Amino acid sequence: MGLSSRISRPGGERGAAAPAGVLGGSLAFGRRGGFVEASRRLKLQVHNRLFETVDFAKLSALDPERIVAHLTEVIDETLKDEGKLITEADRGALVEEIKNELLGLGPLEPLLHDDSITDILVNGPGCVYVEKGGKLLRTDVRFHDDQHLMVVIDRIVSQVGRRIDEASPMVDARMGDGSRVNAVIPPLALDGPCLSIRRFGGRRYTMADLLGWGSLSAEMADFLRAAVRARLSVLICGGTGSGKTTMLNCLSAYVPDDERIVTVEDSAELALQQPHVVRLESRPPNLEGRGEVTQRDLVRNCLRMRPDRIIVGEVRGAEVFDMLQAMSTGHEGSIATIHANNPRESLSRLEMMMLLSGFSFAQRAMRQQIAAAIDLVVHVSRLSDGSRRVLRLSEVAGMEGETIMMQDLFEFVRARNGSAAEITGVFHPTGVQSVHAARLALAGYASARSAARGPGAGA
Ligand SMILES: Nc1ncnc2c1ncn2[C@@H]1O[C@H](COP(=O)(O)OP(=O)(O)OP(=O)(O)O)[C@@H](O)[C@H]1O
Ligand SMILES: [Mg+2]
């Protein structure tokens, strides 16, 4: 019959430890007030019965179909003993729920299976938000209590060999499918454990996707392709969740296959398709505070790896100087993202990062370094209707006195008649000729000026 004969007796203390926090947290039943208590009691009984017959240490190695069959069997037996009936649909939901709690991430499982969800934000056990179609929505998903949520967080971080406890209450991790996870627990998080998941779900968007969503015009995509091929160094700026990493991934796809690319990230999110890619990821210090490898260490190291291009997931601090130097000397065509609200601010942020990491150059020298390194800034933004657009393509056009000169080549002009719920507008070439027009032409781009005659793709 069921699994009991195959996987025999309970795993002793293991069996006892596993269920502690995983009971309750009803998703399917939680919506039907009076039913909640009955369902929780039933789950408790099913759990107890399972622990008498199943070795949980071996459970995850088993075929999911067998697990479902066994769960169904145990539920039916429990109900029979109690003399209760349950509908087929309720039983299915109960089996699913218990399976998720035993093997997966409990109440988060249904969210993780919904591909339209891009972010999952858990603010304590009773408050779970998701981002869907660019909008934040509160769900009725809940965890039973803090402990239940902690079991799930523990499961996520221990899968990647990290740990979370009072001594190290903040963790960044990556899930099996590449999704990025951050967890913060009390005492730092005041209202219970918090979990933020940026999902990728194995899907990586391409420029064709961005074009399909009206995030930029076809001419802008052509321009960007030529810019990458012409080895212009590109900085992608934008606010949080504005689509910087997605744009970086799309631009990286334009790097020719015969070049050696080294990527440096704090949490590896990029998925480059080229054959010759080396991926580096920084490492936090261990419990004794040792063994940290920063992005700066990685950027320095990668310079010794003969890269043709360096791709920095997000420039945040001390790596800025080495990165800029690499971009202006021999590794032109490198690409990075930066958290900043517009192109000019992104350059000031670079300057600020240099200052904060202890470079005591004259301001002019720092700006010269930046102007020599960065050619193009792509400004992405999440608009109030949830859409992401490229608001501006600006280039660095040298220095005048102490000031870095910038000029816009393309911009998104919002239509006046649009509403906050649905923003419309057009992408316009500004008509300004790029200072790199000759290089861009060699890379196959007609010219910024002739492109200026084309129709801006609507949005
Ligand atoms: N052009 C786009 N149109 C619609 N959705 C997009 C677009 N670009 C990115 N997204 C979605 O927006 C979310 C955030 O994207 P991404 O991770 O690239 O942003 P980010 O700016 O790098 O965020 P963070 O600041 O957290 O690093 C992802 O779920 C992604 O799938
Ligand atoms: Mg990012």
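In this tour, Ala, Val, Leu, Ile, Met, Phe, Trp, Tyr, Cys and Pro count as nonpolar, Asp, Glu, Lys and Arg as charged, and the others, Gly among them, as polar. Keep that in mind for the ligand stop. The model you have open is a predicted one.

**The whole protein**

Start with everything shown as a cartoon. You should find 17 helices and 15 strands. Colour by burial next: of the 459 residues in the protein, 39% are buried. If you draw contacts with a separation of 6 or more, 58% of them join residues 24 or more positions apart.

**Ligand 1**

Now select ligand 1 and its surroundings. The shell holds 14 residues, and T118, G243, K244, T245 and T246 are the closest. Colour this shell by class and you will see 9 polar, 3 charged and 2 nonpolar residues. Which helix gives the most to the shell? That is α11, residues 244-252, with 3 residues.

**Helix α11**

Stay with α11 and select its whole length. Is this helix mostly covered or mostly open? It is mostly covered, with 9 of its 9 residues buried. Step along K244, T245, T246, M247, L248, N249, C250, L251 and S252 to visit these buried residues. To see what lies over them, add the helices α9 (207-212) and α10 (218-229), which are part of the cover. Then bring in the strands β7 (234-238), β10 (309-312), β11 (335-339) and β12 (376-382), also included in that cover.

**Helix α15 and α13**

Hide the rest and show α15 (residues 363-373) with α13 (residues 320-328). Their axes come within 8 Å and cross at roughly 50°, which makes α13 oblique to α15. The crossing of this pair is left-handed. Turn on side chains for L324, M327 and S328 of α13, which meet Q369, I370, A372 and A373 of α15. By class, this contact has 5 nonpolar and 2 polar residues, with no charged ones.

**Helix α15 and α14**

Keep α15 on screen and swap α13 for α14 (residues 343-356). Here the axes come within 10 Å and cross at roughly 125°; α14 and α15 are therefore oblique to each other. The crossing of α14 past α15 is right-handed. Select L347, L350, E351 and M354 in α14, together with M366, R367 and I370 in α15, to show the residues that make the contact. This contact has 5 nonpolar residues, 2 charged ones and no polar ones.

For a last view, centre on I370: this residue of α15 takes part in the contact with α13 and in the contact with α14.

Methods
Residues numbered from 1 in each chain as written. Chains lettered and ligands numbered in written order. Predicted model: local features only at pLDDT ≥ 70, side-chain atom pairs only at ≥ 80, totals over all residues. Near = placed C-beta within 6 Å. Helix = DSSP H or I, 4+ residues; strand = E, 2+ residues; numbered from the N terminus. Buried ≥ 20, exposed ≤ 12 C-beta atoms within 10 Å, placed from the backbone. Contact = placed C-beta atoms within 7 Å. Axes fitted to C-alpha atoms, helices over the stretch in contact; angles between N-to-C directions. Parallel < 35°, antiparallel > 145°, perpendicular 65-115°, else oblique. Left-handed = near helix turned anticlockwise from the far one by under 90°.
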